[in-house]
Amino acid sequence: MAKEPVRVLVTGAAGQIGYALVPMIARGVMLGPDQPVILHMLDIPPAAEALNGVKMELVDAAFPLLKGVVATTDVVEACTGVNIAVMVGGFPRKEGMERKDVMSKNVSIYKSQASALEKHAAANCKVLVVANPANTNALILKEFAPSIPEKNITCLTRLDHNRALGQISERLNVQVSDVKNVIIWGNHSSTQYPDVNHATVKTPAGEKPVRELVKDDAWLNAEFIATVQQRGAAIIKARKLSSALSAASSACDHIRDWVLGTPEGTWVSMGVYSDGSYNVPSGLIYSFPVTCQNGEWKIVQGLSIDEFSRKKLDLTADELSEEKALAYSCLT
């Protein structure tokens with residue numbers, strides 16, 4: 001029997017990431033090759049014409065799974081009935097701007113979008129925040145959409161997770177699909193901690209720990225971490241634009257695994273509402289290793305944390321606590 005279409009909202013849909021993301025969703029990359037979708041695309045009034053151009057291209061591509069397109073600058077129309085919301089739109093930091101200014105702009109954007117989702121989205125809507133500062137934007141959204149369960153509000157650290165997998169695969173000259181269980185802890189910022197202490201690689205002799213195969217702790221504890229932390233900046237330097245393609249692809253990975261489940265024995269990184277696991281303060285949106293089943297995520301428990309890692313986990317938690325305080329000060 002044919003499945004009912006799922007309504008997927010993409011905010012900032014006329015921008016770089018939105019333009020890369022909507023065809024992936026329409027092609028079934030996010031929800032599977034047999035799941036019809038209706039795309040809701042939202043952008044700001046100055047981008048209305050460009051948004052309409054994206055809609056024209058979606059029609060021209062004749063995607064068999066795409067059962068409808070809503071392209072609008074009205075936040076209520078965009079949020080009505082949506083089952084999945086991918087929040088790509090946000091206010092980017094511009095040269096000479098203070099963090100507080102950026103935070104204040106994003107607080108007002110996320111406050112109004114949260115209110116619209118709260119009132120008009122489908123009952124069990126799943127939300128993924130992509131726009132930076134992603135963790136704190138997700139926290140603001142949670143604050144102003146109290147009826148959306150806290151477990152349904154997440155932020156994107158899968159891009160960092162995938163970057164870490166990519167770096168290990170390049171270093172060891174193995175298929176990226178053979179590397180698993182890296183972890184991104186904390187904030188989607190330069191304080192995040194890419195951790196390989198529990199990661200493994202599939203080899204002809206079975207699964208082997210990444211550290212054992214790399215045989216270079218100095219590289220893993222310094223250059224590898226810095227490369228993953230700074231990868232976004234490196235791409236901007238090379239491309240003169242931010243990483244849109246990989247961000248869109250990672251957003252699809254995040255939602256696909258959340259909805260359809262993670263493979264047995266494999267975990268992924270998601271920014272989720274902290275319950276105090278691993279001594280991370282509760283009340284932050286923090287990236288943890290998670291497994292997903294039946295549309296629910298669960299933090300992987302019981303992993304050993306060495307002293308080096310503990311400091312890194314605490315450092316990124318401190319930054320998130322500061323960001324939270326800054327964001328809440330913008331509410332007053």
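Let's start with how helix α5 crosses helix α10: the crossing is right-handed. Please keep in mind that we are looking at a predicted model. Helix α5 covers residues 134-144 and helix α10 covers residues 307-329. Their axes lie 10 Å apart, at an angle of about 50 degrees. Angles from 35 up to 65 degrees fall outside both the roughly parallel and the roughly perpendicular classes, and α5 and α10 are therefore oblique to each other.

Which residues of α5 and α10 make the contact? On α5, look for Asn-135, Thr-136, Leu-139, Ile-140 and Glu-143. On α10, the partners are Leu-320, Glu-323, Lys-324, Ala-327 and Tyr-328. Sorted by type, the residues of this contact are five nonpolar, two polar and three charged.

Now for a second pair. Helix α6, residues 158-172, meets helix α8, residues 217-239. Here the axes come within 10 Å and cross at roughly 125 degrees, and α6 and α8 are therefore oblique to each other. As α6 passes α8, the crossing is right-handed.

The α6 side of this contact consists of Asp-160, Arg-163, Ala-164, Gln-167, Ile-168 and Arg-171. From α8 come Trp-219, Leu-220, Phe-224, Thr-227, Val-228, Arg-231, Gly-232 and Ile-235. How many of the residues in the contact of α6 with α8 are nonpolar, polar and charged? There are seven nonpolar, three polar and four charged.

Let's stay on α6 and pick out one residue, Leu-165, which lies in that helix. Is Leu-165 buried or exposed? Its relative accessibility is 12%, and buried means under 20%, so Leu-165 counts as buried. Setting aside neighbours within four places in sequence, Leu-165 touches Val-176, Val-179, Lys-180 and Val-182. You can also find Val-228, 63 residues away along the chain from Leu-165, with 9.7 Å between their C-alpha atoms.

Next, have a look at Asp-253, in helix α9, which spans residues 244-260. At 13% relative accessibility, Asp-253 counts as buried too. Beyond the neighbours within four places in sequence, Asp-253 is in contact with Arg-158 and Asn-162.

Finally, a word from the record. An unreviewed UniProt entry annotates residues 6-153 as "domain: Lactate/malate dehydrogenase N-terminal". In our model, that span is 43% helix and 19% strand. What separates its two ends? The end C-alpha atoms of residues 6-153 lie 18 Å apart.

That's my tour, and thanks for listening!

Methods
Residues are numbered from 1 along each chain as its sequence is written. This is a predicted model: local features need pLDDT of at least 70, side-chain atom pairs count only at pLDDT 80 or more; totals for chains, interfaces and linings use all residues. Side-chain values use heavy atoms; hydrogens and water are left out. Axes are lines fitted to C-alpha atoms, for helices over the stretch in contact, and angles run from 0 to 180 degrees between N-to-C directions. Helices (H or I, at least four residues) and strands (E, at least two) are DSSP runs, numbered from the N terminus. Angles under 35 degrees count as roughly parallel, over 145 as roughly antiparallel, 65 to 115 as roughly perpendicular and the rest as oblique. A crossing is left-handed if the near helix is turned anticlockwise from the far one by less than a right angle, and right-handed if clockwise. Contact means heavy atoms within 4.5 Å. Ala, Val, Leu, Ile, Met, Phe, Trp, Tyr, Cys and Pro count as nonpolar, Asp, Glu, Lys and Arg as charged, and the others, Gly among them, as polar. Buried means under 20% relative accessible area, exposed over 50%, partly exposed in between (1.4 Å probe, protein chains only). UniProt positions are given in the numbering used here, feature names are shortened, and annotations may be inferred rather than shown by experiment.
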